[in-house]
Amino acid sequence: MVSHSENSRYPSYLALEKAEFSRRIEQLRSMLENCHLCPRDCGVNRRGGERGYCRAGDKLEISSYGAHFGEEDVLVGQGGSGTIFLTWCNLRCCFCQNWEISLLGQGQVVSPEEAAGIMLNLQQRGCHNINLVTPTHFTPQLIEAIYLAAEEGLSLPVVWNCGGYESVPVLKLLKGIVDIYMPDMKYSRGETARLLSSAEDYVERCKESLREMHRQVGDLLVVNGLARRGLLIRHLVLPGHVEESLEILEFIAQEISPHSYVNVMAQYRPCGRVPASLSRPVSLSEYEQVISRAASLGLVRGLR
Ligand code: SF4
């Protein structure tokens, strides 16, 4: 059943006035001149050729795109999730599996028009959504691409597949454009966030971002097996950090919603420059402790 609170036009961006859409694009683009698109607040002029912590420039860069069948079932359906991997990242997680893309910048520059063409291509192939992976640092360019694609007939919901280190004022500009937010919640303690992702304020920023996302789109609504609108939270269990996982689940159940869709992931593998404490996979017993707490808190929607 479709929630009565949904827009009558779907996806939501089809209901957004063109003038308002354009105003948001301009506002987001102006942020590039003194970049504060994410909590790093680098203040660099990306339009003038400077680069900040994420290393992203003025132009959109994409590493790959395609129909992806490895995402959550509610995103994949029969046709796959139309995934677009963005180059660079505003976090530097020492265990990142995609470091060639996030740290070395493997990818190529595309114009908003070309990005819009990619979105339309994914729609033509039968994908169920446009899944933007690590989009935060390219928010203005991506929103412009969505606008252009919508003009040409895009009608798939947008999935904002981010690391959870977001700026609330920027998220407010995505209201009515993004239908599905899919943030990570990686840590519950600032010291861990500082050590593993060089982002000491990650926990506060992530919590306020999740609150804003949930305010905008609510709990995940699934219709005929496919995510239609709402919040889907991912959490990767780290070896030796079970207590943090439990704290994260408690936060979600108590302060976001006990009906949240949470995907608790066990696929951590050591790679890159991880500290000794992270040089092993998560044990079955660690993972089971986390899953068991999720179940006892009622967070069962994302459990397989
Ligand atoms: S998006 Fe990049 S340049 Fe802008 S504030 Fe974040 S890390 Fe800095």
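The questions and answers below go through strands, pockets, cavities, the ligand site and some backbone angles.

In this predicted model, local features need pLDDT of at least 70 and side-chain atom pairs count only at pLDDT 80 or more, while totals for chains, interfaces and linings use all residues. Residues are numbered from 1 along each chain as its sequence is written, and side-chain values use heavy atoms, with hydrogens and water left out.

User: How do you know that strand 5 and strand 6 pair, and in which sense?

Analyst: Two strands pair if DSSP finds at least two bridges between them. Helices (H or I, at least four residues) and strands (E, at least two) are themselves DSSP runs, numbered from the N terminus. Strand 5 (residues 158-162) and strand 6 have four bridges and run parallel, so they count as a pair. In one of these bridges, Asn 161 is matched with Met 182 of strand 6.

User: What makes strand 6 and strand 8 a pair?

Analyst: Two bridges join strand 6 to strand 8 (residues 226-236), in the parallel sense. The rule asks for at least two, so the pair qualifies. Ile 180 has Gly 230 of strand 8 as its bridge partner.

User: Which way do the residues of strand 6 point, and are they buried or exposed?

Analyst: In strand 6 (residues 180-183), Ile 180 and Met 182 point one way, and Tyr 181 and Pro 183 point the other way. All of them are buried, a word that stands for under 20% relative accessible area, with exposed for over 50% and partly exposed in between (1.4 Å probe, protein chains only).

User: What makes strand 1 a partner of strand 2 and of strand 3?

Analyst: Strand 1 is joined to strand 2 by six bridges, in the antiparallel sense; Ala 67 has Gly 82 of strand 2 as its bridge partner. Strand 1 (residues 60-68) and strand 3 (residues 108-110) are also antiparallel, with three bridges, and Ile 62 is opposite Gln 108 of strand 3. Both bridge counts satisfy the rule of at least two, so both are pairs.

User: What separates a cavity from a pocket, and how much space lies in the largest pocket?

Analyst: On a 1 Å grid over the protein atoms alone, a cavity is a set of points where a 1.4 Å probe fits but cannot get out, whereas a pocket is an open set with protein on both sides within 12 Å along at least five of seven lines; lining residues have an atom within 4 Å of a point. Grid points are joined across faces, edges and corners, and a volume is the space filled by probe spheres set on the points. The largest pocket holds about 1,100 Å³. It is lined by 42 residues, and Asn 98, Asp 184, Arg 234, Met 265 and Gln 267 are the closest to its centre. Elements that give two or more residues to this lining include strand 2 (81-86), helix 3 (99-102) and helix 10 (284-296).

User: How many cavities are there, and what lines the second largest?

Analyst: There are two cavities of 30 Å³ or more. The second largest cavity has about 40 Å³ of space, and its lining includes Lys 186, Tyr 187, His 235 and Glu 244. Strand 8 and helix 9 (242-256) each give at least two residues to that lining.

User: How do you know where the ligand sits?

Analyst: A molecule sits in a cavity or pocket if more than half of its atoms lie within 2 Å of its grid points. The ligand sits in the largest cavity, which has about 100 Å³ of space. Of the 14 residues lining that cavity, Cys 35, Cys 38, Cys 42, Arg 46 and Cys 54 are the closest to its centre.

User: Which residues surround the ligand?

Analyst: Among them are Cys 35, Cys 38, Cys 42, Cys 54 and His 137; a residue is near a molecule if one of its heavy atoms lies within 4 Å of it. The shell around the ligand has six nonpolar, two polar and three charged residues. Here Ala, Val, Leu, Ile, Met, Phe, Trp, Tyr, Cys and Pro count as nonpolar, Asp, Glu, Lys and Arg as charged, and the others, Gly among them, as polar.

User: Why is Asp 41 called exposed?

Analyst: Its relative accessible area is 51%, and the cut-off is over 50%, so Asp 41 is exposed. Asp 41 is in the loop between helix 1 and strand 1, and its phi is positive, about 50 degrees, although it is not a glycine.

User: What makes Asn 224 exposed?

Analyst: Asn 224 has a relative accessible area of 78%, against a cut-off of over 50%, and therefore counts as exposed. It is in the loop between strand 7 (221-223) and strand 8. Phi of Asn 224 is positive, near 50 degrees.

User: Which form does the peptide bond from Tyr 10 to Pro 11 take, cis or trans?

Analyst: It is cis, with omega near -5 degrees. Pro 11 is in the segment before helix 1 (18-31).
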